[in-house]
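These are my working notes on a single protein chain. I went through the structure from its overall make-up to single residues and wrote down what I looked up.

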Amino acid sequence: MKPIVIALSFIMLCLAPGWAETQPDTFVEVLYFHGKQRCATCKAIEAYTREVIDESFARQVKEQKVKFREIDLSTPEGEKLADRYRVSRSSLFINGWNEGIEQRNDLTLFAFQNARSNTALFKQKIRETIVQLLK
C-alpha cells in the first residue's frame, strides 16, 4: 500500500500547476519600489530601467533570466516586500539569484543621483550590473 501512496504523491506533484514552468536557477531580479506619489526622478528611474531591460535584455526576459518587478509600497504585498528589503521610500535593487541565494545590489542612491542628471551613466550602470550578475 505504501508504494502506491508514494507513487501517487509523486505523480500529483509532477502534475501540480507550475511544475512544467521551471524557473532558472540563476537569474537577475530588478526591484523598483515606489509610493503612491512619485517625483520626476522616481518616474525617470523606472522609465530608464525598463528601457534598458527592454532594449538590452529582451531575450533574457523571455527566458526568465531577467525579471523586472514594480512594487507599490502602499499595497499589502508591497509593504511585506519592503519590510524584507528594509525600504520605506522609492528604491532600486538589482539582485542576482543563484540556486536560491540572493546577492543584493542597492542602487537607490546612485539612481537618484544620476537618473535625470546623467541618464547615459545611469543606463550604463544598470546594463553593466545586470550583465555582471548574469555571468
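The entries below begin with the whole chain and then turn to its core, one helix and several single residues.

**Entry 1. Confidence and overall make-up**

I noted before anything else that this is a predicted model. I looked up the confidence and found a mean pLDDT of 86 for the protein, with 82% of its residues at 70 or more. I marked residues 5–21 separately, as pLDDT stays under 50 there and the model has 2 contacts beyond four places in sequence for this stretch.

I then listed the secondary structure, which comprises 6 helices and 4 strands. Read from the N terminus, their order is α-β-α-α-β-α-β-β-α-α. The protein has 135 residues, and 35% of them count as buried. I recorded an accessible surface of about 8900 Å², with 54% of it belonging to carbon and sulfur atoms. For contacts between residues at least 6 apart in sequence, I found that 63% join residues at least 24 apart.

**Entry 2. The nonpolar cores**

Which residues touch the most other members of the largest nonpolar core? I found L92, I94, F122, I126 and I130 in a core of 20 residues. At least two residues of this core come from each of β1, α2, β3, α5 and α6. The element that gives the most is α2, with 5 residues. I also recorded a second, separate core of 9 residues, with L73, A82, Y85 and V87 among them.

**Entry 3. Helix α6**

I examined α6 next, which covers residues 119–134. Its 16 residues reach 23 Å from the first C-alpha to the last, close to the 22 Å expected at 1.5 Å a residue. I listed its buried residues as F122, K123, I126, T129, I130 and L133. Seen down the axis of α6, these buried residues fall within an arc of 130°, so they line one face of the helix. I recalled the general rule that an α-helix has 3.6 residues a turn, so residues three or four places apart point the same way.

On the face turned away from the buried side of α6, I found the exposed residues A120 and Q132. What do the buried residues of α6 pack against? I recorded β1, α2 (40–56), β2 (66–72), β3 (91–98), β4 (101–103) and α5 (108–114). For F122, leaving aside neighbours within four places in sequence, I listed contacts with I45, Y48, T49, L92, F110, A111, N114 and A115.

**Entry 4. V30 and I53**

I located V30 in strand β1, residues 26–34. V30 counts as buried because its relative accessibility is 0%. Beyond four places in sequence, V30 is in contact with T49, I53, K67, F68, R69, L92, F93, I94 and I130. I checked one pair from this list: V30 and L92 are 62 residues apart along the chain, and their C-alpha atoms are separated by 7.4 Å.

I53, one of the contacts of V30, lies in helix α2. Is I53 buried or exposed? I53 counts as buried, because its relative accessibility is 3%. Outside its neighbours within four places in sequence, I found I53 in contact with V30, A58, V61, V66, F68 and I130. I53 and V66 are 13 residues apart along the chain, with 8.0 Å between their C-alpha atoms.

**Entry 5. Loop residues**

I looked up S90 in the loop between α4 (76–85) and β3. S90 counts as buried at 10% relative accessibility, because the cut-off for buried is under 20%. Not counting residues up to four places away in sequence, S90 touches Y32, F33, H34, G35, C42, L73, T108 and F112.

R86 is found in the loop between α4 and β3. Its relative accessible area is 78%, and I therefore entered R86 as exposed. I recorded a positive phi of about 60° for R86, although it is not a glycine.

I made a similar entry for E99, in the loop between β3 and β4. Phi of E99 is near 50°, a positive value in a residue other than glycine. E99 counts as exposed, because its relative accessibility is 64%. I flagged positive values of this kind because most residues other than glycine have a negative phi.

Methods: Residues numbered from 1 in each chain as written. Predicted model: local features only at pLDDT ≥ 70, side-chain atom pairs only at ≥ 80, totals over all residues. Heavy atoms only, no water. Buried < 20%, exposed > 50% of the residue type's maximum accessible area, 1.4 Å probe, protein only. Contact = heavy atoms within 4.5 Å. pLDDT = per-residue confidence, 0-100. Expected span 1.5 Å × (residues − 1). Arc of directions from axis to C-beta. Core = buried A, V, L, I, M, F, W, Y, C linked by side-chain atoms within 4.5 Å. Areas by Shrake-Rupley, 256 points an atom, 1.4 Å probe, with all protein chains shown as cover.
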